[in-house]
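This report describes the fold of one protein chain, together with selected residues in their local surroundings. The sequence and the model are shown first.

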Amino acid sequence: MADTRSKGQDSLSEGGILSGCRIIVGVSGGIAAYKTPMLVRRLREAGAEVQAVMTANARQFVTATTLQAVSGRPVRDSLWDAAAEAAMGHIELARWADLIVIAPTTADTLSRLAAGRADDLLSTLRLASRAPVLLAPAMNNVMWDHPATRRNLRRLTEDGCTILGPDSGPQACGETGPGRMQEPEALFAAVRDCCLSIPSWGSLATPVRSTPHLDGLRGKKFLITAGPTREAIDPVRYISNESSGKQGYALASAALRVGGEVTLISGPVNIAPPVGAKTISVTTAQQMNDAVQAQLPATDIFIGVAAVADYRPAEKKDQKIKKLPGGEKGLRLLLVENPDIIAGVSSSQNRPFVVGFAAETQDALRNAREKRKRKGMDMIVVNDVANPDIGFNSEENAVAVIWHGGEEKLPQSSKAQLAEWIIDRIATCYVDQLAPANPESVAE
Ligand code: PMT
């Protein structure tokens, strides 16, 4: 098919980072479909050409007129629309796409895609296209947890689809839990990063799966900590921090994508664990340490992303602490030190390759260099957590990676993109370290 890419067709698409990238945005029938026009608009603002494709049920939740207005193209919804097929047949449309994103992907659509069905336009396009497929699930939390859904997700991941989210929180049905479609801005960031990693797109980075040295990570056992810890003061109060788990979960997903076996030890967070990871939920630093120690003998690569509380209250009161009578000056809380989990991993016998994170608010690089050596890490990833746009509980991050003999700054990007870059750097250092004749592997 001739390449008829049009760049800067109108004011929405002029000069954007995705100028001319061709994206099919599939919409299936869930309440979250009301947010899809915002995703389409963001993609168009970034310069992408967007073809919206609706399932029959999607029409119950969003109108074709809205999607047509924001995409600038008539919406496609049928294999049997003679006029649309005459203009561009469905196989031609499948070849046209650089990327397919389906948002929302309902439980039914997940199941139909997992089964490889091709009985409507959207499922047929997915089957007839070689483009990357991103799925943004949205459903009731019980449906999300159902073994049938887990099975479908596993199969789709094995088939090469990328699952975005879902988020956790209040749902349209009145329940709370995992199953909310990711917000349009987060979806946009994931789609943008995926587009930029497509080789024909003059990418920032090569897709992780196709980089040969990543083969060294295939089958390796990753142990990753993520999220905050909570240290109880009394039955209703605790010391914790703003870690959302997003960066650690993104690393777990990236490690799975290069063929790693991933165990994720997570503090309390509101996001769904990546499909395919063995997830162990903990609350306190002591529990996280115990879980890490239990998994350690079977670990090749340890990545400590968790924001572990350095201190905990010396004692947890059995009853809620009462407000002091008037006149008393403040309440003293005695804190004792928690175990340093990563230092314990670094000093263990037959230690794995150890990667830590450093959350710094000043002199980030200098502090991180010193921290890497002090805690015996092979690599440290430092982020500036004084900047509210990155670091804790944000969609994006910006980091520097420091290892024995090298440092590299990675620009502000989605946590998913950074995770892929970090896994890439880990692969290089890990493979180097294993190579017996390599002088870099000599201890400092
Ligand atoms: O979860 P997100 O909202 O996505 O945010 C991501 C993040 C900001 C939490 C993450 O990028 C990050 O910086 N994680 C490390 C946070 C931290 O605790 O940094 P630190 O400099 O205090 O600790 C250094 C390293 O020692 C970390 O690998 C930490 O996991 C580890 N540590 C710290 C204390 C302790 N008692 N045991 C540890 O193992």
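Where is Pro166 found? Pro166 sits in the loop between strand S5 (162-163) and strand S6 (167-170).

## Basis of the report

The structure is a predicted model, in which local features need pLDDT of at least 70 and side-chain atom pairs count only at pLDDT 80 or more, whereas totals for chains, interfaces and linings use all residues. Residues are numbered from 1 along each chain as its sequence is written, and side-chain values use heavy atoms, with hydrogens and water left out.

## Overall architecture

The chain contains 14 helices and 19 strands. Both kinds of element are DSSP runs numbered from the N terminus, with helices (H or I) of at least four residues and strands (E) of at least two. The C-alpha trace spans about 75 × 65 × 40 Å along its principal axes.

The radius of gyration of the chain is 24 Å, which agrees with the value near 22 Å for a compact globule of 444 residues. This radius is taken over C-alpha atoms, and the globule rule is 2.2 Å times the number of residues to the power 0.38. Of the contacts in the chain with a separation of 6 or more, 67% are accounted for by residues 24 or more positions apart; a contact means heavy atoms within 4.5 Å.

## Surface and charge

Buried residues make up 52% of the 444 residues in the chain. Buried means under 20% relative accessible area, exposed means over 50%, and partly exposed lies in between, with a 1.4 Å probe and protein chains only. The accessible surface of the chain comes to about 20900 Å², and carbon and sulfur atoms contribute 50% of this surface. Accessible areas come from the Shrake-Rupley method with a 1.4 Å probe, and for residues only the protein chains shown count as cover.

The chain carries 49 positive and 49 negative charges, and the mean positions of the two sets are 3 Å apart. Lys and Arg count as positive and Asp and Glu as negative, while His and the chain ends are not counted. The place of a charge is taken as NZ of Lys, CZ of Arg, CG of Asp or CD of Glu.

## Domain organisation

The domain assignment gives domain 1 (22-196) and domain 2 (212-313 + 333-441); the bounds come from an automatic or database domain assignment. The C-alpha centres of the two domains lie 32 Å apart. In the contacts between them, 14 residues of domain 1 meet 10 residues of domain 2.

## Backbone features

Two cis peptide bonds may be described. One runs from Ala103 to Pro104, with omega near 0°, and Pro104 is placed in strand S3 (residues 99-105). Another runs from Gly165 to Pro166, with omega near 5°; Pro166 belongs to the loop between S5 and S6.

Asn350 has phi near 50°, a positive value in a residue other than glycine. Asn350 is found in the loop between helix H12 (341-346) and strand S16 (353-360), and it counts as exposed because its relative accessibility is 76%. Asn393 also has a positive phi, of about 50°, although it is not a glycine. Asn393 lies in the loop between S17 and S18 and counts as partly exposed, at 43% relative accessibility.

## Buried valines in strands

Val25 is found in strand S1 (residues 22-27) and is buried, with a relative accessible area of 0%. Leaving out residues up to four places away in sequence, Val25 touches several residues, including Thr36, Val40, Leu43 and Val101. The C-alpha atoms of Val25 and Arg180 are separated by 18 Å, with their positions 155 residues apart along the chain.

Val262 lies in strand S11 (residues 261-266). Val262 counts as buried because its relative accessibility is 4%. Beyond its neighbours within four places in sequence, Val262 is in contact with Phe222, Ile224, Ala252, Ala255, Leu256, Ala277 and Lys278. Val262 and Gly219 are 43 residues apart in sequence, and their C-alpha atoms are 9.4 Å apart in space.

## The loop position Glu395

Glu395 is placed in the loop between strand S17 (379-384) and strand S18 (396-403). Glu395 is partly exposed, with a relative accessible area of 40%. Not counting residues up to four places away in sequence, Glu395 touches Ala186, Lys246, Ser414 and Lys415. From Glu395 to Lys415 the C-alpha to C-alpha distance is 6.4 Å, and the two are 20 residues apart in sequence.
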